[in-house]
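Me: I'm new to this structure and could use some help reading it. Can we take a helix and then a strand?

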Amino acid sequence: AAPDLRRAGCGRRRRPALLDDGDRPAAGWHLQWTAKDVALPDQSSSTRLDPGQLLASMDRALAQRPPGDVWVFGYGSLIWRPGFEPADRRMARVRGYHRSLCLWSRINRGSPDDPGLVFGLDRGGNCRGVVLQVPEDALRPVFHDLWQREMLMDSYLPRWLTCATPG
């Protein structure tokens, strides 16, 4: 089931930034999910997207995709359970964001009455993870599945960024 995630108040929305850290840039652009700023958890703050809203959200993200190969940055379960067969996989680092226990979950680490904290990306610092290359011919089906998994509760902001891989 997709996580019901709510922001725990760890920061404010910030514009995405292009990253330049001296390492070799990975080919293409990378989609990263960062947490939205929302109220502390309560039942009224959960926003579950209906299928039309979910598809529109995915289409907006894909319409903003820069030209080139598409990679997805994983810093948690996407590393060991991406849900698709990547064309390539590389260690990577995103600067400007760090892993933080800053999202409330009523599904993965809690219940409707007692939500628990899960990891999200919050601004500042850097985060090591893995970038997974999405095959061009599988872009829409892969993103559909990723949106069902990661974006169902409207808790993340998808961002197109560059990231670095060890050179």
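Reply: Sure. The buried residues of H1 pack against H3 and S7, with contact meaning heavy atoms within 4.5 Å. Helices (H or I, at least four residues) and strands (E, at least two) are DSSP runs, numbered from the N terminus. Buried means under 20% relative accessible area, exposed over 50%, partly exposed in between (1.4 Å probe, protein chains only). This is a predicted model, where local features need pLDDT of at least 70, side-chain atom pairs count only at pLDDT 80 or more, and totals for chains, interfaces and linings use all residues. Residues are numbered from 1 along each chain as its sequence is written, and side-chain values use heavy atoms, leaving out hydrogens and water.

Me: Which residues of H1 are buried?

Reply: An α-helix has 3.6 residues a turn, so residues three or four places apart point the same way. Here the buried ones are Leu54, Ser57, Met58, Ala61 and Leu62. They cover an arc of only 130° around the axis (taken from the directions from the helix axis to the C-beta atoms), which puts them on the same side of H1. Exposed Arg60 and Ala63 are on the face turned away from that buried side.

Me: And which way do the residues of S4 point?

Reply: In a regular strand the side chains alternate between the two faces of the sheet. In S4, Val70, Val72 and Gly74 point one way, Trp71 and Phe73 the other, and all are buried. With 5 of its 5 residues buried, S4 is therefore largely enclosed by the rest of the structure.
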